[in-house]
Amino acid sequence: MLTETRRVNRFYLPLALLAGMALPFAFSPVSFFPLAMISPAILFYLYLNLSSGRAALAGFVFGLGLFGVGVSWVYVAFHEFGHTSVFVSALMTTIFVAVLALFPALQSFLSVYFWQKIRTRIAAENRALLLLFPALWGLSEWVRGWLFTGFPWLSLGYSQTDSPLAGYAPVLGVYGLSLLLAVCAGLLLQLLRNRSQWKGLLGFLLLIWLGGFMLTKYDWTQPTGKPIRVSLVQGNVPQITKWDPKMIQVRLDTYARLTREHWDSDLIVWPENSMTTFYNDL
C-alpha cells in the first residue's frame, strides 16, 4: 500500500488531467459512453492514495481537463460571434473553466477528508467506492447545476443517451443517472482491486447495466389527444447585432413577419436571444 501511494503521488496530476480530458469524449458526438465510468474510476483511485490537499489539487486539474476540453466552445462564442479579441476571449474562457474546476476540487477534498475518517473500519474501501465517493460526485453535479442559476453542462448522465443505462433516465433523471454511473465507476475500480470478490462485483455491475437495458424496452410516454401543429421560426439575424439597440426594432419586425406566416400553428417557437430586451419593454 505504501509503495502504491508513493507511486500515485508521483504521477497523480498527469493522471487526473488525462482522466478529465478524456471524459468529454463520453458525450456526443464521439459517444464513447464507457468513459463515463472509466474517468471517475481513475479519480476515485487517486482518492484512495492521496491526502485531502493533494486530492483537491487533483480534482482541480481533473476539472481543468474536463471543462477545458468540454466547454471550449465558449471561446468560439466570445471570439467568433462576440468579436472579442483573441487574448480577452482566451482569458475569459480560462477563468470560466477554472471556476467550474472548483466543483470537482471541493468534491475531491471532501471525498478524501471523509475517506480518511472511515478507512480504519471494516469494509471501509467498499463503503467509500460504492457510497461515499459516488454520493459526493452526485451532490457536486447537482450543486453545479443549481448554484448561481447553474451550469449542468457535462453532467455524467447526459453521456448515456445511446447506452443501455439510458433506460434509467425517465426514472432517476440526469442526476440520478450520474449517481448510478459513479457507483458503476466504484464497482469497476473495486473489481480491479479486489479479485477475490470479482464474481459478486461483476454480477452487481452487469445487473445495473442489464436493468437499464430492460427499462429501455418500456414506453414511458404515449400520445394523447389530437396532434398539434408546431412552427420553428428562425430570423437568421447576425449574432453581432443582438446587443445593438438600433437593431431591436428590426429584429422584432423580422420575427413578427415570420410569425404571421405561420399563424395557423398551435405553437410557434422563437430561438434563444431572438429579442435581447426585457419582455415588458416589448
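## Questions on the chain, starting at T259

Trainee: Is T259 buried or exposed?
Mentor: In this predicted model, T259 has a relative accessible area of 8%. The limit for a buried residue is under 20%. T259 is therefore buried.

Trainee: Where does T259 lie, and with which residues is T259 in contact, leaving aside neighbours within four places in sequence?
Mentor: T259 belongs to helix 9, which runs over residues 248-260. Once the neighbours within four places in sequence are set aside, the contacts of T259 are V233, I268 and W270.

Trainee: How many helices and strands does the chain have?
Mentor: Read along the sequence, the pattern is α-α-α-α-α-α-α-α-β-α-β. The secondary structure thus comes to nine helices and two strands.

Trainee: At what angle do helix 3 and helix 5 pack?
Mentor: Two packed helices are described by the angle between their axes and the distance between the axes. Helix 3 covers residues 52-70 and helix 5 covers residues 86-118. Their axes are 7 Å apart, and the angle is about 145°.

Trainee: Is the crossing of helix 3 and helix 5 left-handed or right-handed?
Mentor: Residues of helix 3 that meet helix 5 include G59, F60, G63 and F67. On the side of helix 5, the residues met include A101, P104, A105 and F109. The crossing in which helix 3 passes helix 5 is right-handed.

Trainee: Which residues does the cis peptide bond with omega of about 10° join?
Mentor: One partner, P29, has its place in the loop between helix 1 (2-22) and helix 2 (35-47). The cis bond, with omega of about 10°, joins S28 and P29.

Trainee: T149 has a positive phi although it is not a glycine; is T149 buried or exposed?
Mentor: Phi of T149 is about 75°, and the residue sits in the loop between helix 6 (124-144) and helix 7 (169-193). Its relative accessible area is 76%, and the cut-off for exposed is over 50%. T149 therefore counts as exposed.

Trainee: What is the relative accessibility of N273?
Mentor: N273 lies in the segment after strand 2 (267-269). N273 also has a positive phi, near 65°, in a residue other than glycine. N273 counts as partly exposed because its relative accessibility is 32%.

Trainee: What share of the residues of the chain counts as buried?
Mentor: The C-alpha trace spans about 70 × 50 × 30 Å along its principal axes. The chain has 282 residues, and the share that counts as buried is 39%.

Note on methods:
Residues are numbered from 1 along each chain as its sequence is written. This is a predicted model: local features need pLDDT of at least 70, side-chain atom pairs count only at pLDDT 80 or more; totals for chains, interfaces and linings use all residues. Side-chain values use heavy atoms; hydrogens and water are left out. Buried means under 20% relative accessible area, exposed over 50%, partly exposed in between (1.4 Å probe, protein chains only). Axes are lines fitted to C-alpha atoms, for helices over the stretch in contact, and angles run from 0 to 180 degrees between N-to-C directions. A crossing is left-handed if the near helix is turned anticlockwise from the far one by less than a right angle, and right-handed if clockwise. Contact means heavy atoms within 4.5 Å.
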